[in-house]
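Got the viewer open? Let's take a walk through this one, stop by stop.

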Amino acid sequence: MTLYGEKVPSADDRPTVKVTAVSWPDVEMEPVAAPGAGGPGKPGRSRRGRLLLAGGIVAAVLAAGTGLGTYAYAGDVPRGTTVLGAELGGRSRAEAARALSAELERRAAALNAPITVTVGQKSAELKPADIGLAVDVDATVAAAAAAEAHPVSRLVGSRTVEPVVTVDTARLEAALRKAMGDQGREMTMPAIIYTGTTPKPVYPKPALTVDAPGAAHAVKAGWLAGAPVAVPLVEKWPASTREEVDRLVAELARPAVAAPVTLTTDGGSVTIPPAAIARGLRFSADDTGTLTPRVDVKRLRTALGDQLAKLEVAPKDAGLTISGGKPKVVPGRAGRQVDAAALGRDLLAVLPKADGRTVTAELKPAEPELTEAKLAELGIKERVSTFTTRFPGGLSSPRSQNIVQAAKDVDGTIVRPGETFSLNGHTGERGYDQGYKDAPTIVNGKLVPGVGGGVSQFTTTLFNASYYAGLEDVEHKPHSFYFSRYPAVIESTIYWPQLDFKFRNNTPHGVLIDTSYTASTITVSMWSTKIYDSVKTEYGPRRDITQPKTVYLDPGPDCIAAAGSVGFAQDAYRVIKKDGKVVKREKFSWRYDPEPRFICAKPPA
């Protein structure tokens with residue numbers, strides 16, 4: 001049973017036992033001297049006498065039989081037991097539950113009052129119902145019934161049992177994070193990335209956040225006491241430390257690319273050069289921040305290109321292409337390949353070595369993961385969304401080429417029901433070896449040349465296509481500055497490896513990502529089975545508008561001028577309709593900083 005909406009306690013049909021009050025004689029309970037040791041007027045009492053007296057009391061209790069004994073053990077809850085001031089002792093569980101529920105009803109106004117919670121330096125009021133705060137009546141009565149009580153204590157003793165309080169930890173944590181606002185920071189996960197064949201560490205940084213278990217305990221106690229609650233911000237570090245990252249660099253990442261590895265099979269041998277090793281060796285952190293190395297054999301195969309193709313016949317998944325405005329099946333085929341799991345394990349074992357860098361592998365039959373039959377079951381039959389953005393400069397500019405390269409990497413991807421698509425996970429690091437070029441990118445609030453600049457425009461286009469398909473937004477981050485070529489709020493940047501874009505296919509059908517481009521546009525379409533009538537965006541007004549400042553930068557090839565833009569905050573609502581009714585309304589909010597007007601010149605005197 002739980003307060004407010006709790007189960008009604010089952011009636012207890014046992015008869016109530018009527019008992020008669022018993023008067024107890026005064027008993028000397030203080031220590032007494034041994035025989036002959038008593039002072040004048042205080043003759044000693046023997047230990048045997050004391051034992052007989054105590055034994056007599058117990059005997060009296062036991063001898064009472066259906067009288068005193070029945071009184072002491074009447075009901076499920078020991079006599080003298082109270083919860084929140086309510087007397088539950090001597091009652092059956094059902095009676096105790098009713099008594100406790102009545103007490104909670106009397107306290108309803110206080111228990112329903114908002115709780116003042118201070119998170120760091122900010123305060124907020126939380127409604128108990130919003131975070132699932134409640135007294136579990138059944139569990140509390142069970143705790144009261146289980147309270148230990150000596151037979152004599154059951155008659156004359158008293159005990160207070162704390163109520164069992166429940167809280168929805170997920171809702172509480174969400175409310176505390178909202179109250180925390182911009183005081184917190186996300187955890188920087190450790191990583192090791194390669195620029196060419198040079199490993200570069202990404203050192204961990206702690207999150208500044210709330211301690212969820214401690215906060216839950218404090219909120220439950222404060223709720224019952226009617227007192228304000230203070231929730232401090234704590235640092236939460238990734239599991240892998242800076243020292244562990246440096247150790248992995250020294251012991252694996254650097255020696256891994258110091259020399260090639262020879263892969264031998266019964267069909268011949270191939271040399272894996274350091275550049276291909278760097279492409280396939282991945283260092284990724286799990287949710288706890290534990291950094292683990294692995295070999296991505298799929299990326300390794302791509303890096304080796306035709307070399308491995310001389311030994312293997314890769315299986316080909318069945319796929320889809322858009323022809324004549326309709327999806328057309330492209331048949332798959334079986335192949336003969338090195339076992340990926342064994343190759344990854346064996347290659348990882350030799351990469352730290354300076355000598356003996358040879359791996360022997362067996363070629364085995366390999367079936368495609370996605371067959372035509374499985375593809376047909378996915379229900380990809382019609383276009384459910386499409387989105388286009390425009391880019392300047394034509395296809396010859398490095399920025400445009402980066403956009404097109406990302407589109408080619410993603411084109412034809414099939415996301416199965418329940419799967420989460422990660423753009424970083426799909427393309428991997430977008431470096432020179434992967435066909436990306438230097439173009440302007442935002443770093444520390446200004447435009448600077450960076451490899452892969454412009455991919456954010458493709459990310460925004462892909463995000464909008466998934467957004468208007470009604471797919472679940474898992475992770476995205478709008479730009480810090482507003483660019484008029486993007487829809488406000490409904491846009492996303494990306495930066496390897498810290499910032500990613502992810503969506504989840506939360507439909508029962510597969511999703512095909514189809515990309516296309518012209519000399520000035522990039523388009524992403526989603527193909528699946530239509531399940532919604534419409535997906536639209538409703539905007540709130542812009543607010544808190546701030547003007548840009550003018551910043552003079554040292555002139556030179558790395559200086560990129562910018563006209564600047566205003567800063568503002570705005571809300572956007574994704575409104576999804578099905579069967580003529582709004583089935584979902586999601587709020588997206590963002591605040592843009594004013595982009596300074598950057599001038600590549602010395603400031604005027």
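Start by selecting Leu263 and Val270: Val270, in β14, is the bridge partner of Leu263. What you're looking at is a predicted model, so take every stop on this tour as part of a prediction.

Now widen the selection to the strands around that pair. Strand β13 covers residues 261-265, and five bridges join β13 to β14, the two running antiparallel. Add one more strand and you have an open sheet of three, in the order β14-β13-β20, with mixed pairing. On the edges sit β14 (268-272) and β20 (358-360), each of which pairs on one side only. Turn the view a little to see the twist, which averages 20° from one strand to the next.

Next, bring in a helix. Select α13, residues 340-350. Helix α13 lies across β13 and β20, and runs at about 160° to β20.

Keep α13 on screen and add α11, residues 297-304. How do the two helices cross? Their axes come within 10 Å and cross at roughly 85°. An angle from 65 to 115 degrees counts as roughly perpendicular, so α11 is roughly perpendicular to α13. To see who meets whom, show the side chains: on the α11 side pick Val297, Leu300 and Arg301, and on the α13 side pick Ala340, Leu343, Gly344 and Leu347. Sorted by type, the residues of this contact come out as five nonpolar, one polar and one charged.

Time to jump to another strand. Select β12, residues 233-236, and pick out Leu233 there. Is Leu233 buried, partly exposed or exposed? Its relative accessibility is 21%, so Leu233 counts as partly exposed, given that buried means under 20%. Leaving aside residues up to four places away in sequence, Leu233 touches Val119, Gly120, Met180, Gln183, Leu208, Thr209 and Val210. Try a distance label between Leu233 and Leu208: they are 25 residues apart along the chain, yet their C-alpha atoms are separated by 6.2 Å.

For the last stop, head to another open sheet. Three strands make it up, in the order β2-β1-β6, and the pairing is mixed. At the edges stand β2 (86-87) and β6 (159-160); each has a single partner strand, so one side of each is left without a neighbour in the sheet. Zoom in on β1, residues 81-83, which pairs with β6 in the parallel sense over two bridges. Finish by selecting Thr81 and Arg159: Thr81 stands opposite Arg159 in β6.

Definitions and conventions:
Residues are numbered from 1 along each chain as its sequence is written. This is a predicted model: local features need pLDDT of at least 70, side-chain atom pairs count only at pLDDT 80 or more; totals for chains, interfaces and linings use all residues. Side-chain values use heavy atoms; hydrogens and water are left out. Two strands pair if DSSP finds at least two bridges between them. Helices (H or I, at least four residues) and strands (E, at least two) are DSSP runs, numbered from the N terminus. Axes are lines fitted to C-alpha atoms, for helices over the stretch in contact, and angles run from 0 to 180 degrees between N-to-C directions. Angles under 35 degrees count as roughly parallel, over 145 as roughly antiparallel, 65 to 115 as roughly perpendicular and the rest as oblique. Contact means heavy atoms within 4.5 Å. Ala, Val, Leu, Ile, Met, Phe, Trp, Tyr, Cys and Pro count as nonpolar, Asp, Glu, Lys and Arg as charged, and the others, Gly among them, as polar. Buried means under 20% relative accessible area, exposed over 50%, partly exposed in between (1.4 Å probe, protein chains only).
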